[in-house]
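New to this structure? Let us take a few of its labels and ask what stands behind each one.

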Amino acid sequence: MGIKSAKPRHHVVVIGSGFGGLTAARALKKSDVDVTLIAKTTHHLFQPLLYQVATGILSEGEIAPYTRVILRKQKNVEVLLGDVTDIDLTNNTVTSKLIDMNTVTPFDSLVVAAGAQQSYFGNDHFATFAPGMKTIDDALELRGRILGAFEAAEVTTSQAERDRRLTFVVVGAGPTGVELAGQIAELADRTLDGAFRNIDPSDCRVILLDAAAAVLPPMGEKLGLKAQRRLESMGVEIQLNAMVTDVDYMGLTVKDKDGNERRIESACKVWSAGVQASPLGKLLAEQSDGTTTDRAGRVVVEPDLTLKGHPNVFVVGDLMSVQGVPGMAQGAIQGAKYATKLIKAGLEGKDDPAARKPFKYFDKGSMATVSRFNAVAQVGKFEMAGFIAWLSWLALHLFYLVGYKNRFTTIVAWFITFLGRNRGQMAITGQMVYARTAMEKLNQKQAAELAAQGQTADPEKADYDKAQAEKAALNKAEPEKAESKAAG
Ligand SMILES: Cc1cc2nc3c(=O)[nH]c(=O)nc-3n(C[C@H](O)[C@H](O)[C@H](O)COP(=O)(O)OP(=O)(O)OC[C@H]3O[C@@H](n4cnc5c(N)ncnc54)[C@H](O)[C@@H]3O)c2cc1C
């Protein structure tokens, strides 16, 4: 039997189970601390491969292993599912909410890795018609929308509607937009080839559109042009200097550099144009005298990734704003490793917050796949494009995927897709396409109604409470009838 220490151990709370959060929790494996990892999703998400879930290559399980199971053997970690609604830097507590249960978790050290969401630059209504690609829900919804568009085109008898259904618009020509546009084109040309009777899927238009003047601007002109040419050779239309001014059910309105506005009729639109940090960034900055957030809501952290006046509160990953550190997986991983190193040093009495060495980012480069066997990659001044870059991309993504089983099944899926022309994850359901919007609407409506009545915002619980109340009322008014109703 183990003997419990009389003094409670140092308690580290980690918010988020993405690259930053998971790295932080794992880095504390051998430390004399208790860790509570709180995240609003049950999985660790490998976002760089979301586009492959959206286009039917990988299943969601392959890129989103269950966090609790990943950390099962690390006995000093407790995983809590919950949406963090408050962080109190005076009392050092984190409040999280699951359904209508609130949990308050105290901390000695805090690592906040809550990431970022899609930004519609103040036009949040675009989201209904042009979902982003940040979550598993997003990717599955997009898969439903992409394949659903081909299905509808097969059925309609109107040529205009067929054209609209077969026009796919990806907004944002960064790595995500490039990868998604390339994959929609390959899906149409290879996987769906010969599968329809009334349409030829390769007749579809895939448009990659951006307000900027280049494809993949952060990767430089040369690589951007290479990616652009490759996409164009696959039939993808690249429209640059094109600003989206409106998105609706039927399509998009686009303003070109010359100021002219035009319409693109399109059923399937995808938004990959901007990011907005988690609102937790603002919540933290407001409590720390002198800490600010940048335009995207990221916390402008101190050189040791903490908040001013709070050397025990670290912000890492997409939520932190540090000059020269891009919103990429490596930024989150390295930030989390740095923060936990300081926490560990503190446990040994070797950390003097006033004398901490600043966080230094080591740039391991960036890459994007354009099509099968073709990618662009950049490591410092070194640039690669084509097959070798694609092989590097393949190796790197396998290395960072979590879990041996996932690596194995991913290799199999890639063989099937890249060497053959099939894709193993082409199932779509009505729920994928409509559930998120329906749930958002239902939740908003019910939350407002129930809040007005001072009741729970959980729809299932609300239905249960309503049924119980009706039963109780019937019992009181007509006990015999209620009894016979209960009997069947
Ligand atoms: C489509 C796509 C493709 C990408 N491709 C690449 C690539 O090729 N290479 C690369 O290096 N980077 C890529 N990135 C960026 C990379 O994925 C991010 O930089 C990285 O995930 C950031 O890690 P993070 O831990 O800060 O945040 P995330 O990984 O986003 O994790 C955030 C975590 O916080 C949780 N969370 C958020 N809010 C709350 C809350 N209120 N309460 C509780 N939990 C909360 C979430 O559930 C999640 O677990 C891509 C991103 C996307 C979206």
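A polar contact is a pair of N or O atoms within 3.5 Å. Keep that cut-off at hand; the model here is a predicted one.

Q: What makes the pair formed by an oxygen atom of the ligand and a polar backbone atom of Met328 a polar contact?
A: The two atoms are 3.3 Å apart. The cut-off is 3.5 Å, so the pair counts as a polar contact.

Q: Which elements give two or more residues to the shell around the ligand?
A: They are α1 (19–27), β4 (83–88) and α11 (329–347).

Q: What is the distance from an oxygen atom of the ligand to a polar backbone atom of Phe19, and to one of Gly18?
A: For Phe19 the distance is 3.3 Å. For Gly18 it is 3.5 Å. Within 3.5 Å is the rule, so the Gly18 pair counts too.

Q: How much of the ligand's accessible area does the protein cover?
A: On its own, the ligand has 990 Å² of accessible area. The protein covers 89% of that.

Q: Which residues around the ligand come nearest?
A: There are 26 residues around the ligand. Ser17, Gly20, Gln47, Val84 and Asp318 come nearest.

Q: What classes of residue make up the shell around the ligand?
A: The shell has 11 nonpolar, 11 polar and 4 charged residues. Gly is counted as polar, so Gly20 belongs to the polar class.

Q: How do you know that the shell around the ligand draws on domain 1 and domain 2?
A: Each gives at least three residues. Domain 1 is 10–40 + 82–118 + 276–355, and domain 2 is 124–272 + 365–419.

Q: Why is the reach of α11 called close to the expected one?
A: α11 has 19 residues and reaches 27 Å from its first C-alpha to its last. At 1.5 Å a residue, 27 Å is expected, so the two values agree. Just after α11, Gly349 takes a positive phi of about 70°.

Q: Why are residues 384–402 called a "transmembrane region"?
A: The name comes from an unreviewed UniProt entry, and such annotations may be inferred rather than shown by experiment. In the model, this span is 74% helix and 16% strand. Its end C-alpha atoms lie 26 Å apart.

Notes. Residues numbered from 1 in each chain as written. Predicted model: local features only at pLDDT ≥ 70, side-chain atom pairs only at ≥ 80, totals over all residues. Heavy atoms only, no water. Near = heavy atom within 4 Å. Polar contact = N/O pair within 3.5 Å; in protein donor to acceptor, adjacent residues only side chain to side chain. Areas by Shrake-Rupley, 256 points an atom, 1.4 Å probe, with all protein chains shown as cover. Helix = DSSP H or I, 4+ residues; strand = E, 2+ residues; numbered from the N terminus. Domains from an automatic or database assignment.
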